[in-house]
2 protein chains.
Amino acid sequence: MQHKDIWRGLDQLAGQHGLSASGLAKRAGLDPTSFNPSKREGANGRPRWPTTESLARVLEAVGAGFYDFAALVEGRRGGSAPLIGFGQAQQDGFFDDAGFPVGAGWDDARFPGLGTETVYALQVSGDSMEPAYRAGDRIIVAPGAEVKLGDRVVAKTAQGEVMAKVLARKNTRIIELASLNPDYPSREFKPSEIAWIARILWASQ
Amino acid sequence: MQHKDIWRGLDQLAGQHGLSASGLAKRAGLDPTSFNPSKREGANGRPRWPTTESLARVLEAVGAGFYDFAALVEGRRGGSAPLIGFGQAQQDGFFDDAGFPVGAGWDDARFPGLGTETVYALQVSGDSMEPAYRAGDRIIVAPGAEVKLGDRVVAKTAQGEVMAKVLARKNTRIIELASLNPDYPSREFKPSEIAWIARILWASQ
DNA sequence: CCTTTACTAGGAATATTAACCTATCATCAA
DNA sequence: TTGATGATAGGTTAATATTCCTAGTAAAGG
């Protein structure tokens with residue numbers, strides 16, 4: 001996080017409420033010159049950081065949350081995390097001594113299902129889905145997500161059976177659902193025999 | 001947002017990284033006394049607000065985001081979803097016609113790693129981790145999470161190797177990491193040969 | 001067009017936090 | 001048990017942000 005990110009967040013917050021930075025400061029009971037663009041860096045080029053007290057006053061004045069403000073500052077929504085490949089993870093500089101991610105080499109990856117879309121979880125019992133899913137595992141399912149061939153899915157038949165499978169084939173005449181365990185045979189259905197198919201996004205470990 | 005919320009957030013952030021507030025300040029290159037409980041209010045009772053510059057340094061030092069910190073400050077708890085078992089899912093009344101969850105029978109389940117704690121993602125390449133993880137899969141790892149026997153973990157050796165395993169045994173003399181594929185043998189290490197172990201929370205599907 | 005208000009730059013004074021320092025107690029390792 | 005380190009309280013100094021003020025330009029309204 002850079003100081004200019006905070007200033008940008010303040011500008012965006014002001015904009016969301018139809019205000020200038022000056023107007024935002026005024027509404028918060030601060031001096032209207034407080035957030036002047038010219039005052040965001042000192043004459044020596046040193047960045048000026050708005051205080052958390054000023055931020056709290058501003059957020060109070062426009063009825064916004066700190067969490068919402070932080071999303072503006074970071075230009076991000078929920079459901080993302082730093083990401084690298086296993087290969088890069090072998091190199092120095094990606095983890096601190098305690099194993100936490102550090103450094104600039106991490107991408108920021110959005111993760112499907114972890115933002116605001118509707119998801120639900122199903123808990124596995126028994127061993128009928130091993131080795132893919134063990135008893136007690138929880139899978140996160142996104143009913144609104146696009147489903148492609150090869151995706152792991154939860155499907156419900158017209159008869160009411162709910163199962164976890166792999167979508168092997170889907171066309172106007174047939175829906176083939178392969179077993180998660182390749183030792184078991186695929187099952188084929190007519191489209192009318194399937195009530196819905198939803199993509200599995202995540203499995204707990 | 002009150003000033004004490006920010007201090008609480010800082011304390012929680014410190015705790016997540018196994019630090020005291022003093023240790024957190026120190027790690028951020030600030031004076032270790034900066035966040036002393038005694039300095040959070042002035043002698044006249046006026047609240048003291050940490051500067052955004054100090055926050056930025058702290059977040060940089062522990063690799064956390066401003067957004068994550070804001071969630072701590074506001075006590076926000078993301079990362080939950082409706083949950084039922086696969087058995088219940090066979091019954092009527094849990095899904096609408098399009099497969100979205102409906103009805104009152106769903107529990108609300110919190111999901112580790114999907115709220116505010118620090119997590120990162122590693123992307124799998126190649127087929128060396130099948131059948132547990134396929135190429136392109138992403139696993140979510142929580143460096144601060146408690147690790148128990150039987151957990152799937154990412155471990156880094158003192159030599160720098162990073163691997164995904166199952167924690168089979170851990171005591172003062174030996175750390176045994178079992179392969180995710182039971183056809184492969186376990187590996188045993190002296191504790192000094194392991195730099196860190198972090199729990200895998202989720203695998204993409 | 002004129003007046004008022006808003007926005008912005010810039011400087012000095014004021015207020016507040018961080019840095020620096022000292023001291024004490026607690027914890028950990030040898 | 002001893003010594004080193006960490007955590008905490010508390011005081012002083014240095015650094016930094018806000019407030020207050022002035023002035024110019026822009027925008028809005030009559």
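This text describes the protein surface near one DNA strand and then a pocket in the protein. The model is predicted, so that local features need pLDDT of at least 70 and side-chain atom pairs count only at pLDDT 80 or more, while totals for chains, interfaces and linings use all residues. Residues are numbered from 1 along each chain as its sequence is written, chains are lettered from A in the order in which they are written, and side-chain values use heavy atoms, with hydrogens and water left out.

DNA strand C is surrounded by 23 residues, a residue being near the strand if one of its heavy atoms lies within 4 Å of it. The closest are A:Ser20, A:Asn36, A:Ser38, A:Lys39 and B:Arg48, and sugar and phosphate make up 67% of the strand's atoms that come within 4 Å of the protein. By class, this surface holds 6 nonpolar, 10 polar and 7 charged residues.

Bases and backbone both take part in polar contacts, here pairs of N or O atoms within 3.5 Å. A polar side-chain atom of A:Lys39 lies 2.9 Å from a base oxygen of DNA strand C, and an N or O atom in the side chain of B:Thr33 is 3.2 Å from a base nitrogen, whereas B:Ser34 places a polar side-chain atom 3.4 Å from a phosphate oxygen.

Away from these contacts, the model also has pockets to consider. Of the 24 residues that line the second largest pocket, the closest to its centre are A:Pro131, A:Ala132, A:Arg152, B:Pro131 and B:Ala132, and the lining comprises 11 nonpolar, 5 polar and 8 charged residues.

Methods
Polar contact = N/O pair within 3.5 Å; in protein donor to acceptor, adjacent residues only side chain to side chain. Nonpolar A, V, L, I, M, F, W, Y, C, P; charged D, E, K, R; others polar. 1 Å grid on protein atoms, 1.4 Å probe; cavity = no way out; pocket = protein on both sides within 12 Å on 5 of 7 lines; lining within 4 Å.
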